[in-house]
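This report looks at how helices pack against one another and at where some single residues sit. Please have the sequence and the model open while reading.

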Amino acid sequence: LRSLKTLRDLIVRPRTVFAAYAARDRVTYTPAIRLFLGLVGLQVLISAIWGGWTGMLRRQIMDDPTSAEAFNQISNGRLEEFIQHYGDGTGVVQPILVAGFTALSVFVLGWLRRGLSWASRLNIAMGVLTAGSVFGLLMTPLLVLPGLPQLALISSLVVTVAYFLTFLRGAPGVLADTTAGAWGKAAIYATTLVLLVMVAGFFVAIVSAAYAIFRLNLSA
């Protein structure tokens, strides 16, 4: 129940949640890292309905003949096995790498607002990420529809806006002292978070592909 309350308030009144995290209140709200990991688990369950990461990757590759040919060459004609192993690898490393890279944004929060403890910064950072993840989760069913690249871009834009608005609405009195400061810091932080997610996605792709190739070589 406390987790549901925290999720609701991160969307409805993020300033209250940020203030509690800044004051290191351990009672009123659930630590945001727990919420984020819980949402990751929920995303895995929902995506499994449409074949999980493996199914999404298969649709993405098959919709693009050029990508299909490239991956077919990489896998030496064992494309289906490659996709299966790639999806398995992504399911494991994606939450770990995304959480790890986005946690680096605590350094940006330390620059935007001096005096916040590490625990406070981590909870606020994960709170912003969690709010964006809620909207990303709601967009997940759209990713299985035709026109995947366009829908994926729309989903990314929605999540980015969620990052920005969550920080903007939560910043006054906690992370910024003026309206202009809140807008500027929200833009900086949302941009940083998106870049960190993109970098994490790049490493997820490398690690997943390496794992898939390793499994193919192992079973050759």
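## Terms and model

A residue is called buried when its relative accessible area is under 20%, exposed when the value is over 50%, and partly exposed in between. Ala-19 has 36% relative accessibility, so Ala-19 counts as partly exposed. The structure shown is a predicted model.

Ala-19 belongs to helix H2. In sequence, Ala-19 and Leu-175 are 156 residues apart, yet their C-alpha atoms are separated by 9.1 Å.

## Helices H2 and H8

Two packed helices are described by the angle between their axes and by the distance between those axes. Helix H2 covers residues 14–22 and helix H8 covers residues 118–139. Their axes come within 8 Å and cross at roughly 155°. An angle over 145 degrees counts as roughly antiparallel, and H2 and H8 are therefore roughly antiparallel to each other. The crossing of the two helices is right-handed.

Which residues of H2 and H8 meet? From H2 they are Phe-18, Tyr-21 and Ala-22. Their partners in H8 are Ser-120, Asn-123, Ile-124 and Val-128. Sorted by class, the residues of this contact are five nonpolar and two polar, with no charged residue.

## Along helix H8

How far apart should the ends of H8 be at 1.5 Å a residue? The expected span of a helix is 1.5 Å times one less than its number of residues, so the 22 residues of H8 should span 32 Å. The end C-alpha atoms of H8 are 32 Å apart, which agrees with that value. H8 is mostly covered, with 17 of its 22 residues buried.

Two residues of H8 can be followed in more detail. Asn-123 lies in this helix and has 16% relative accessibility, so Asn-123 counts as buried. Apart from neighbours within four places in sequence, Asn-123 is in contact with Tyr-21, Pro-31, Ala-32 and Ile-33. Thr-130 is also in H8. Is Thr-130 buried or exposed? Its relative accessible area is 0%, so Thr-130 is buried. If residues up to four places away in sequence are not counted, Thr-130 touches Leu-7, Leu-10, Ala-32, Leu-35, Phe-36 and Leu-39. Ala-32 is thus found in the list for Asn-123 and in the list for Thr-130.

## Helices H6 and H10

A second helix pair is formed by H6, residues 79–102, and H10, residues 179–219. The axes of H6 and H10 come within 7 Å and cross at roughly 145°. H6 passes H10 in a right-handed crossing. By class, the contact of H6 with H10 holds 20 nonpolar, seven polar and three charged residues.

Each of these helices has a glycine to look at. Gly-87 is found in H6, and its relative accessible area of 6% makes Gly-87 buried. Gly-87 touches Trp-53 and Thr-54, leaving out residues up to four places away in sequence. Gly-87 and Leu-57 are 30 residues apart in sequence and 7.1 Å apart in space, C-alpha to C-alpha. Gly-184 lies in H10 and counts as partly exposed, with 32% relative accessibility. The C-alpha atoms of Gly-184 and Leu-168 are separated by 8.8 Å, with their positions 16 residues apart along the chain taken as the separation.

## Two loop residues with positive phi

Where is Arg-24? Arg-24 lies in the loop between H2 and helix H3, which covers residues 32–48. Phi of Arg-24 is near 60°, a positive value in a residue other than glycine. The relative accessible area of Arg-24 is 44%, so Arg-24 is partly exposed.

Asn-76 is in the loop between helix H5, residues 65–74, and H6. Phi of Asn-76 is near 55°, again a positive value in a residue other than glycine. At 68% relative accessibility, Asn-76 counts as exposed, because the value is over 50%.

Note on methods: Residues numbered from 1 in each chain as written. Predicted model: local features only at pLDDT ≥ 70, side-chain atom pairs only at ≥ 80, totals over all residues. Heavy atoms only, no water. Axes fitted to C-alpha atoms, helices over the stretch in contact; angles between N-to-C directions. Helix = DSSP H or I, 4+ residues; strand = E, 2+ residues; numbered from the N terminus. Parallel < 35°, antiparallel > 145°, perpendicular 65-115°, else oblique. Left-handed = near helix turned anticlockwise from the far one by under 90°. Contact = heavy atoms within 4.5 Å. Nonpolar A, V, L, I, M, F, W, Y, C, P; charged D, E, K, R; others polar. Buried < 20%, exposed > 50% of the residue type's maximum accessible area, 1.4 Å probe, protein only.
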